[in-house]
Amino acid sequence: MADCLGRHRSTISRELRRNRASHGYDAPRAQRQYDQRREWCRPAQKQTRRMLWRYVIGKLMEGGPPEAIAVRLPLEFPDDATMRISHEAIYRTLYLDKRWHHLIKYLPRARSKRRKRGQGKTSRGPGIPNRVGIEQRPAIVEERSRSGDREGGTIVGAGQQGYLVTLVARTSRLLACRNVDTKHADLVAQTVIHALEEMPISWVKTITFDNGSEFAGHETMAG
């Protein structure tokens, strides 16, 4: 197939995996998603969406970290797809666009230059034992067509004073969060377990965590 289309085989594999449905590859859905992604990729389109950036700037000036801002947007504007931005996009804009440099001082950990990815990771310990990669996640999770699939993460408070462990439903965007004093893996694991115990069992099918070492206890949570 790759030879016929003149593409690398990994490109074909990613396309099939990204747009897989229960009945196989969904070409109409794939085209709709492609058109939407192209629409969002127009130069500086996110920066020119005034309502979105008014919200982001306001929350930054109140001391909110980009991670928390990105999580809150779908909850406060559930029916407005234009009110979406990732925390990574916020960081990139602040550090790469000189027009936004004056907002860096409002970040919980403000630096004149952003640390490159990979720096400082040697102090994080041995990593996550028996880590299960996202490529092994069931394809149906990507479709957001069922309830029970969640994403987990942590939010750091200003001055690293306190943390939030978050669980966000991929379909409804319902947020569950708990305060923790440290990001120690054992404490985070127990906090997630207690949060899940308050939910009906049908509400939890999968949880996708980020690669932070605080989630090294993922096997304890799964048990």
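## Exercises on a predicted model

Helix H6 (residues 66–76) packs against helix H7 (residues 87–96) at an angle of about 130°, and their axes lie 8 Å apart. The model is predicted. Start with this helix pair.

**Exercise 1. Classify the packing of H6 and H7: oblique or roughly perpendicular?**

Step 1. Take the angle, about 130°.
Step 2. Compare it with the cut-offs: 65 to 115 degrees is roughly perpendicular, and over 145 is roughly antiparallel.
Step 3. The angle fits neither range, so H6 and H7 are oblique to each other.
Step 4. Add the handedness: H6 passes H7 in a right-handed crossing.

**Exercise 2. Find which residues of H6 and H7 meet, and sort them by kind.**

Step 1. On the H6 side, list Pro 66, Glu 67, Ile 69 and Ala 70.
Step 2. On the H7 side, list His 87, Ile 90 and Tyr 91.
Step 3. Sort the residues of this contact: five are nonpolar, one is polar and one is charged.
Step 4. Put names to the last two kinds. Glu counts as charged, and His falls among the polar residues.

**Exercise 3. Locate Glu 214 and decide: buried or exposed?**

Step 1. Find the loop between strand S6 (206–209) and helix H10 (218–222); Glu 214 is there.
Step 2. Read its relative accessibility, 3%.
Step 3. Buried means under 20%, so Glu 214 counts as buried.
Step 4. Look for a side-chain partner. The side chains of Glu 214 and Thr 154 are joined by a polar contact of 2.6 Å.

**Exercise 4. Describe the surroundings of Asp 210.**

Step 1. Place the residue: Asp 210 lies in the loop between S6 and H10.
Step 2. Judge its exposure. Asp 210 has 36% relative accessibility, between the 20% and 50% cut-offs, and therefore counts as partly exposed.
Step 3. Leave aside neighbours within four places in sequence. Asp 210 is then in contact with Gly 152, Gly 153, Thr 154 and Phe 215.
Step 4. Check one of these pairs. Asp 210 and Gly 152 are 58 residues apart along the chain, yet their C-alpha atoms are separated by 6.8 Å.
Step 5. Look within the loop. A polar atom of the Asp 210 side chain lies 3.0 Å from the backbone nitrogen of Gly 212.

**Exercise 5. Summarise the whole protein: how many helices and strands, and what share is buried?**

Step 1. Count the elements: 10 helices and six strands.
Step 2. Take the burial: 34% of the 223 residues count as buried.
Step 3. Consider contacts between residues at least 6 apart in sequence. Of these, 52% join residues at least 24 apart.

How values were computed. Residues are numbered from 1 along each chain as its sequence is written. This is a predicted model: local features need pLDDT of at least 70, side-chain atom pairs count only at pLDDT 80 or more; totals for chains, interfaces and linings use all residues. Side-chain values use heavy atoms; hydrogens and water are left out. Axes are lines fitted to C-alpha atoms, for helices over the stretch in contact, and angles run from 0 to 180 degrees between N-to-C directions. Helices (H or I, at least four residues) and strands (E, at least two) are DSSP runs, numbered from the N terminus. Angles under 35 degrees count as roughly parallel, over 145 as roughly antiparallel, 65 to 115 as roughly perpendicular and the rest as oblique. A crossing is left-handed if the near helix is turned anticlockwise from the far one by less than a right angle, and right-handed if clockwise. Contact means heavy atoms within 4.5 Å. Buried means under 20% relative accessible area, exposed over 50%, partly exposed in between (1.4 Å probe, protein chains only). A polar contact is a pair of N or O atoms within 3.5 Å; within protein, one must be able to donate a hydrogen and the other to accept it, and residues adjacent in sequence count only if both atoms are side-chain atoms.
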